[in-house]
Amino acid sequence: MIDIVGVSEAILINSITLLAVLNPPLQIPISGSLLREIKDKRAVCIFQASMTALIILTLFACLGNVILRFIGISINSFSIAGGALLFIIGVQIMTTGKTMSNGNSNTPVLKKGGCAVPIGTPFIAGPGAITVTTLMIQDDPLRLYIFPIVTIISILVCLFITTIVLYYSDKFLDILTKEGSNVLARIMGIIIAAIGVEYIATGVLGLLAK
């Protein structure tokens with residue numbers, strides 16, 4: 001019998017964790033500025049970016065374990081490496097207000113390549129989001145064959161919120177100003193760093209328990 005409370009709690013926790021890594025406030029000054037240049041194709045561009053991120057994250061949610069087993073990496077080792085990556089990303093956001101993956105974005109790239117790159121990936125479905133998604137499936141309380149249902153629902157929830165932020169990013173940018181959105185992004189950076197430390201600790205404890 002399905003534990004509705006447990007599943008709901010897992011969806012909430014996973015969504016908060018993934019949302020912290022997706023970091024919608026960070027999208028406001030970056031993607032908002034880019035999308036302002038293509039107002040006539042804004043909706044199509046955002047849909048393209050969201051679908052790209054959805055495909056990438058769902059792929060890793062369904063095949064993450066298979067990929068790890070194929071290359072011979074234990075989940076504890078991946079947890080430590082992934083936690084270290086998230087910690088670095090969190091520190092980068094706290095200190096610079098951006099990550100290495102989006103530090104050199106510019107409008108011409110968006111016009112030539114659409115929104116799949118760079119907004120869909122690596123802005124949304126970047127290394128941090130892929131890492132968290134792969135780690136979340138280990139404790140997914142509701143699995144259907146290779147499909148981790150709770151993880152996929154969490155991905156959909158977070159991408160829905162991120163899509164809304166993207167669509168209204170120019171308006172949010174006017175309201176918050178670039179400084180205000182950077183402050184929110186840095187707060188999320190602290191959360192990301194803390195998540196990274198938690199994953200590192202979990203991985204170390206798992207290795208020591210063997």
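**Helices, core and surface patch**

Student: Among contacts between residues at least 6 apart in sequence, what share joins residues at least 24 apart?
Tutor: This is a predicted model: local features need pLDDT of at least 70, side-chain atom pairs count only at pLDDT 80 or more, and totals for chains, interfaces and linings use all residues. Residues are numbered from 1 along each chain as its sequence is written, and side-chain values use heavy atoms, without hydrogens and water. A contact means heavy atoms within 4.5 Å. Of the contacts in the protein chain between residues at least 6 apart, the share joining residues at least 24 apart is 86%.

Student: Which pattern do the helices and strands follow along the sequence?
Tutor: Helices (H or I, at least four residues) and strands (E, at least two) are DSSP runs, numbered from the N terminus. The protein chain has 9 helices and 2 strands. Their order is α-α-α-α-α-α-α-β-β-α-α.

Student: What percentage of the protein chain is buried?
Tutor: Buried means under 20% relative accessible area, exposed over 50%, and partly exposed in between (1.4 Å probe, protein chains only). The protein chain has 210 residues, and the buried part is 47%.

Student: Which helix gives the largest share of the largest nonpolar core?
Tutor: A nonpolar core is a set of buried Ala, Val, Leu, Ile, Met, Phe, Trp, Tyr and Cys residues joined through side-chain atoms within 4.5 Å. The largest has 41 residues, and L18, L35 and I119 have the most contacts inside it. Elements giving two or more residues to this core include α1 (4-22), α2 (24-35) and α9 (169-208). The largest share, 8 residues, comes from α3.

Student: How many residues of α7 are buried?
Tutor: The buried ones include G128, I130, V132 and L135. α7 is largely enclosed by the rest of the structure, because its buried residues number 9 of the 10.

Student: Where does α3 bend?
Tutor: The bend at a residue is the angle between axes fitted to the seven residues ending there and the seven starting there. α3 is followed by G72, whose phi is positive, near 75°. The bend in α3 is about 65°, at L63.

Student: Which helix supplies the largest share of the nonpolar patch?
Tutor: The nonpolar surface patch covers about 1,100 Å², and its residues include L59, F70, I73 and F147. I73 is in the loop between α3 and α4 (75-96), and is partly exposed, with a relative accessible area of 35%. The largest share of the patch, 6 residues (in 42-71), comes from helix α3.

How values were computed
Patches are made of residues with over 30% relative accessible area and no salt bridge: like charges are joined within 9 Å, nonpolar side chains (Val, Leu, Ile, Met, Phe, Trp, Tyr) within 5 Å. Accessible areas come from the Shrake-Rupley method with a 1.4 Å probe; for residues, only the protein chains shown count as cover. A salt bridge is a side-chain nitrogen of Lys or Arg within 4 Å of a carboxyl oxygen of Asp or Glu.
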